[in-house]
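Please open the structure in your viewer and have the selection tool ready, since this tour moves from one selection to the next and pauses at each stop.

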There are 2 protein chains.
Amino acid sequence: MKVSQLLGERYKDRVADIESQNLMTRGGYIKQVGNGIYSLLPPAKRIQNKIERILREEMDLIDGQEVLFPVAMPAALWQSSGRWDSIGSELLRFKDRSGADMCLGMTHEEAAVHMANNIAGTYQKYPFMIYQIQTKFRDEPRARGGLIRVREFTMKDAYSFHTSQADLEQYYDRCYRAYERIYARAGIPEVIAVKSDSGMMGGKVSHEFMLLTDIGEDTLVICPECGYRANMEAAECIVHNEADAVLKPLQSVYTGEAKTIEDVCLLLGSKAEKSCKAVVYQRNADDSFVLIFTRGDVEVNETKLTNYLKAAVHPAVDIENANLCAGNIGPVELSAKATVLFDRSLVGATNLICGANKEACPSCHRHSIRIRRGIEVGNIFQLGRRYTEAMGMTYDDENGNRVNPIMGCYGIGVGRLMASVCEEKHDQYGPIWPITIAPWEVEICALRCDNAQVKAEAASLYDALTRRGAEVLLDDRAVSAGFMFSDADLFGCPVRVIISPKTLGRGVIELVTRDKSLKEDVALADAPARIMALIQELKDQIWAKVPESI
Amino acid sequence: MKVSQLLGERYKDRVADIESQNLMTRGGYIKQVGNGIYSLLPPAKRIQNKIERILREEMDLIDGQEVLFPVAMPAALWQSSGRWDSIGSELLRFKDRSGADMCLGMTHEEAAVHMANNIAGTYQKYPFMIYQIQTKFRDEPRARGGLIRVREFTMKDAYSFHTSQADLEQYYDRCYRAYERIYARAGIPEVIAVKSDSGMMGGKVSHEFMLLTDIGEDTLVICPECGYRANMEAAECIVHNEADAVLKPLQSVYTGEAKTIEDVCLLLGSKAEKSCKAVVYQRNADDSFVLIFTRGDVEVNETKLTNYLKAAVHPAVDIENANLCAGNIGPVELSAKATVLFDRSLVGATNLICGANKEACPSCHRHSIRIRRGIEVGNIFQLGRRYTEAMGMTYDDENGNRVNPIMGCYGIGVGRLMASVCEEKHDQYGPIWPITIAPWEVEICALRCDNAQVKAEAASLYDALTRRGAEVLLDDRAVSAGFMFSDADLFGCPVRVIISPKTLGRGVIELVTRDKSLKEDVALADAPARIMALIQELKDQIWAKVPESI
């Protein structure tokens, strides 16, 4: 591909805080079509195709069979599992021309059970795994960060079916390993697995695969002492409140303009953990109010709240109808039109100025716990029989009894993985794509393409590399070196070749890597072989970190 | 892949009239999820992947750049072209959680212009073509025939941009040729191109690629004399009415229970072409009525009607509100609440019993015209500036003037192409997949797999072929020969190998082709080489019919 023919422009000015969004927009990878909805331009589509290929190969290695489920599904399918009613407005519901209720798939457990139902009726057919790579839509209230959190996305989702918990667990481990291989092959072996909350998926054991980064939207609890790792949503919470010896009488204090818990504590010379804080949410379904009291230093965890209420919620927009006075909400003489919850953090607290908390690792109880931010780049769930029971999927076991199979499910968002790699592998000038997913392996920068010799040598090298199977981008534009190099930084190809009248004068091309670790002159005649060897070297570096499959 | 592990069942009983729907359902390729919505099981997904690969290769050969547009798009995008209002309810519209209007893409002209807008601002960037392979949704009122006419489908759609009509026409011809190559590579070189109506797409010149088959839902006009080929929707209509010498007075005749034009003509001893027929439609947008009078032997063409009205329509469901008396509608003393149209077929007709019509080829005027049915398996359009003008996409030409580029667009439905191949290539027992898109190239039928020698030889041949790069399905089940062979017919693999105690007794395997044209014994030792040679032979037969690209 020649840059002169490639559709896209590159831009100089920063366009977003999150680096992957900034660089992928500036580099001509993505273009926003609507809130949380993007088109992929050719370089991004090339990366996506390569990630999809890795996903296919790894899913096939663990005996996956590729299928395709629909994007738009009838309500009846989601009603059969009960999720039509239990999932909030992130499930986009609509009516077709005949008035029938439908929705856009945000996950495909129901479709997987629908497909396998009636065609896996005996135990001999188990285990099996089916997967697809398909467009999904999740009506996120807070889309952000380019491809990090979008509403429409391409996802690899896989569903396995088993006749015993032991068999599921064995397969779950194989898939866990396949995921480690996938991240390593995509160039981010740094991804770690953490225990997670199963949320709306049902089931018990689940893991999220996390790339640790400050722009991540998940909060992780990591204990360097014992190796405990969990998503904050799933982490057990240990809070100690030590009761005061003498209970003080209730006392009314005027706090003036101090409305937040911080301001009030400051005013009264108290600490946040000796206060009681009020937070108001609304249920998505009917906007009814939920008022939560927590200890002043404890944040409400929306996922735990959702799980407790069995209803999706959002922070209250306008609390007037709740009969609440913003900034002064308290548990005394309360007459709120709301469900009122008291968080466990208040258990044992007296006077609300006494007591001290100690955060500790819920596993080893030492106090070395670290809180880190992370992007979730994949997840795996042991679903159990939640879907097969609800949807009546059965098989005949060895004794002729009809039983429900046990399921696992396994997801990876393709676009988010691409953006996460960019987040992890970039410098201030652009992405540094790992060679396994780079849009092109090599970019030839032909400086002064109006020079006949430069043009001829660049074209000849382009042909030689392409014939050898390399993926080459040739910048054949009559632009300045600075302009061409800053575009090349945004393309992020791992290998760069510079051909100019100056290098040709020395009878060489200049070979550099995007990560600046290598820079050498190579004689013209040796160039194709040396470049192919470098490509292989870079691939070997990636593969060296890929664990064996099981 | 082993049949014992493959997800799916095959069925004996006919399940549908249309053969591709019947065979692909019975063969475990597709499973209906809702009205016009299907899941693809592993064999169908394998075929789809192969068709997608052919599409990618051919689009890349004509300098296409792969991109990805969204499935769900904001209304604003469709409003910018005017199609939000002009397209009927086949465009599925809905609101997201914030109440914003959105729709599901049934085609992506707007998204293509949105992507290219502002990044192709000078004439040097032209021409270029972008394409995607993506899920589309079209809310068909009459989904039918398995994958032939569905609501959700995977489509390859391509959009080219040009600076002159001549450049578009040159590219259009390249794409036309690429389409011929695609159908030939998919095993149906029988596909023909016919002139078509551009419908809602806008633009003037367009072609549909048609597979002639009785179950087709399009009607084609084909003249064997001069080669004229057109979709009935686009074919020019020539009707002659010869005026009577003397006008007769209007006369009222009681027709009793005779309501249809046929019954009335029969009753009065007249011919249909000497009568005037009334047909009532409703606009999709507001259900308002449209009353059309045609000559009794002339059918209303919905596409022409839609084009004329610039509004989508459907046959009237209930005409009570139109102030019309069903079965007695006529142009005399009419007081209908409807738009009233008189078809050109009535021009020059007098007394409505005189005159004679002659249908003739609109091109050579000879009377040899043939009417055939066909499935549309692709289309190409010269769109002109309709979208770039409406959406304000411009570039600077050589003189520095800002002008709108000229577009072409080119579509192929992947699932429909798969079903069409099945429709064209099958016998009563199952599909006969062309080797280029077959789910597997070879099926090994291991009869009596409980026999240790059969099991070992089958496994060894499976390995030998797989190592040589062949795609092999191994039926390793302990089932009868009849059962295994009828499943094999439904899998439709072009090459079949039979290994049984009987063949092993003779030291051979039996090699047959799915189309029954070849049947031979091959010595065990020669089997891998002979089978690979046969695979190549079958591929060569396909490639022999693929035209050169231009």
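How many residues does the contact take from chain B, and how many from chain A? The contact takes 44 residues from chain B and 45 residues from chain A, where two residues are in contact if their C-beta atoms, placed from the backbone, lie within 7 Å.

Before going further, note that this is a predicted model, in which local features need pLDDT of at least 70 and side-chain atom pairs count only at pLDDT 80 or more, while totals for chains, interfaces and linings use all residues. Residues are numbered from 1 along each chain as its sequence is written, and chains are lettered from A and ligands numbered from 1 in the order in which they are written.

**Stop 1: the two chains**

Select the side of chain B that touches chain A, and among the elements that give two or more residues to it you will find β1 (30-34), α2 (42-61), α5 (109-116) and β7 (128-137) of chain B. Helices (H or I, at least four residues) and strands (E, at least two) are DSSP runs, numbered from the N terminus. By class, this side of chain B has 27 nonpolar, nine polar and eight charged residues; Ala, Val, Leu, Ile, Met, Phe, Trp, Tyr, Cys and Pro count as nonpolar, Asp, Glu, Lys and Arg as charged, and the others, Gly among them, as polar. Because 100% of the interface residues of chain B are also interface residues in chain A, the copies meet through the same surface.

Now display both chains together: a turn of 179° and a shift of 0.0 Å along the axis lay chain B on chain A with an RMSD of 0.4 Å, the copies being superposed by least squares on the C-alpha atoms of residues with pLDDT of at least 70 in both. The two copies are thus related as by a two-fold rotation axis. In chain B, the C-alpha nearest this axis belongs to B:Phe94, at 2.8 Å from it.

**Stop 2: a small set of strands in chain B**

Next select β4, β6 and β5 of chain B, which form, in that order, an open sheet of three strands with antiparallel pairing; two strands pair if DSSP finds at least two bridges between them. β4 and β5 (93-95) stand at the edges with a single partner strand each, so one side of each is left without a neighbour in the sheet. Between β5(B) and β6 (residues 101-104) there are three bridges, and B:Lys95 has B:Asp101 as its bridge partner in β6(B).

**Stop 3: helix α1 of chain B**

Select residues 19-26 of chain B, which make up helix α1, together with helix α10 (residues 414-424), and look at how their axes come within 8 Å and cross at roughly 100°. The two helices are therefore roughly perpendicular to each other, a term used for angles of 65 to 115 degrees. On the α1(B) side the contact is made by B:Glu19, B:Ser20, B:Leu23 and B:Met24, and on the α10(B) side by B:Ala419, B:Cys422 and B:Glu423.

Is α1(B) largely enclosed or not, and why? Six of its eight residues are buried, so α1(B) is largely enclosed by the rest of the structure, a residue being buried if 20 or more other C-beta atoms lie within 10 Å of its own.

**Stop 4: chain A**

Finally, select strand β23 (residues 442-446) of chain A, where five of five residues are buried. Four bridges join β23(A) to β24 (residues 472-475), and the two run parallel, with A:Ile444 opposite A:Leu474.

How values were computed. Axes fitted to C-alpha atoms, helices over the stretch in contact; angles between N-to-C directions. Parallel < 35°, antiparallel > 145°, perpendicular 65-115°, else oblique. Buried ≥ 20, exposed ≤ 12 C-beta atoms within 10 Å, placed from the backbone.
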